[in-house]
Structure formats: C-alpha cells, structure tokens
Amino acid sequence: MSEQRKELVTPFTDEMISNLHAGDMVYISGTIYTARDAAHKRMCEMLEKGESMPFDFRGAVIYYAGPCPAKPGKPIGSVGPTTAYRMDLYSPVLMEKGLKVMIGKGLRNKEVVDAIIKHRGVYFAAIGGAAALMAKCVKTAEVIAFDDLGTEAVRRLTVDKLPVIVAIDCKGNNSYQSSREKYAED
C-alpha cells in the first residue's frame, strides 16, 4: 500500500488519475458534485431518453453523499459518504458517458472495477463517521438538479482539501482487497 500524500485540484485529468495508486492519501480542492442512488437512477433514465446531464462528467468528481441541512452561516451540514455499492448498478453506465472519479465508502462490485480499468477512472474512499470534518472542507454548496429529491439532490460543492484515500486505482489495484490480504498474512 502506498503512503504518498497528494493535493489535487479539479477537474481531474487522465495524467492525474494515472499517477494515483491504491492507498494514496489525497486532498481534493475545487468543484465536486454530490449524488446518491436516486439521482444516479434519474441521470441514467435521462441518458436513455437522450437528455443532457446536470453537469459535464469529464474531469468531474461525484461524491456519494446526501448532506444534512446547513446551520446558519454555514454552506452545508454534515456531509459523510454513502455506501458506494448502492450506485454500482449505475456507475458503469455513467462511466461510459465520461465519469471517471467517484467518492464513497465501502466495496465496489466487479462491473464497477472493470469500468474503472476500462475508462481509466478512480474510486476514492471517504472517511466514514467524519461527516462534520468533511463539512469543514466545503466552502460553497448549491443545488443544481433534482431539488425534489431533498438531501439526495445533485449539489455543486467547492471544497478545500477534502481528505480521501485511493481505494481503487485506474489499474484495478484495490486497497480494500490488499488490506484484507495483508491482515490475513499477519
């Protein structure tokens, strides 16, 4: 497992993605988008109808999160990661349309890992249980699509040094899998 710390600014490029390795600690700054399963389902339905997406996937980051309402004077409430497997049905479809960067928590299925390799993507793990810490990294937040979904609406966030770990890199190296194997050896 890698021990490198990297600070990256969105949008992500193929070169940035290819320099990431499973286990790298990464701090993301710039624009990211929140979307959970209801929003993913709706975006896939829109794609089937030939409709345009709420944002351009190229170089974009989708954070699987449904933020809590903001307290007065704050851009957002707690914003912890959602379990990623809930998006596994939709992720390969969105990756086919240009999405490469996802943030969530937990394992991904084989189809998503295969799509990450095929499309040279990356899956970051966010720190579960640290939703208040994650919120401190958010400087601005605005709903840009599916307002009727409430906390599951698509939001555009501006973040500063959002801490994540490369869980699956573009070569398919999987820190969840390698950590389990290392633990089994000890």
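## Exercises on a predicted model

Lys161 is found in strand 7, where strands (E, at least two residues) and helices (H or I, at least four) are DSSP runs numbered from the N terminus. This is a predicted model, in which local features need pLDDT of at least 70 and side-chain atom pairs count only at pLDDT 80 or more, while totals for chains, interfaces and linings use all residues. Residues are numbered from 1 along each chain as its sequence is written, and side-chain values use heavy atoms, with hydrogens and water left out.

**Exercise 1. Find the backbone angles of interest.**

Which value does phi of Lys161 take?

Step 1. Phi of Lys161 is near 55°, a positive value in a residue other than glycine. Most residues other than glycine have a negative phi, and most peptide bonds are trans.

Step 2. Check the surroundings of Lys161: with a relative accessible area of 36%, Lys161 is partly exposed, because that class lies between buried (under 20%) and exposed (over 50%), using a 1.4 Å probe and protein chains only.

Step 3. Move on to Phe146, in the loop between strand 6 and strand 7. Its phi is also positive, near 60°, and Phe146 counts as buried because its relative accessibility is 12%.

Step 4. Finish with the peptide bond from Thr10 to Pro11, which is cis, with omega near 0°. Pro11 sits in the loop between strand 1 (5-9) and helix 1 (14-18).

**Exercise 2. Test the length of helix 2 and describe its packing.**

Step 1. The expected span of a helix is 1.5 Å times one less than its number of residues. Helix 2 has twelve residues, so it should span 16 Å; its end C-alpha atoms are 17 Å apart, which agrees.

Step 2. List the buried residues of helix 2: Asp37, Ala39, His40, Met43, Cys44 and Met46.

Step 3. Those buried residues pack against strand 3, helix 3 and strand 7, with contact meaning heavy atoms within 4.5 Å.

Step 4. Look past the helix: Gly50 follows helix 2 and has a positive phi, near 80°.

**Exercise 3. Trace the nonpolar cores.**

Which residues have the most contacts inside the largest nonpolar core?

Step 1. A nonpolar core is a set of buried Ala, Val, Leu, Ile, Met, Phe, Trp, Tyr and Cys residues joined through side-chain atoms within 4.5 Å. The largest one has 30 residues, and Met43, Phe55, Phe57 and Ile62 have the most contacts inside it.

Step 2. Helix 2 (37-48), helix 3, helix 4 (110-118), strand 5 (122-126) and strand 7 (154-168) each give two or more residues to this core.

Step 3. Follow Phe57: beyond its neighbours within four places in sequence, Phe57 is in contact with Met43, Ile62, Leu94, Lys97, Gly98 and Leu99.

Step 4. A second, separate core has 28 residues, including Val79, Ala126, Val164 and Cys170.

**Exercise 4. Place an exposed lysine.**

Is Lys71 buried or exposed?

Step 1. Lys71 lies in the loop between strand 3 (61-63) and helix 3 (91-96).

Step 2. Its relative accessibility is 63%, so Lys71 counts as exposed.

Step 3. For a long-range check, compare Lys71 with Gln177: they are 106 residues apart in sequence and 38 Å apart in space, C-alpha to C-alpha.
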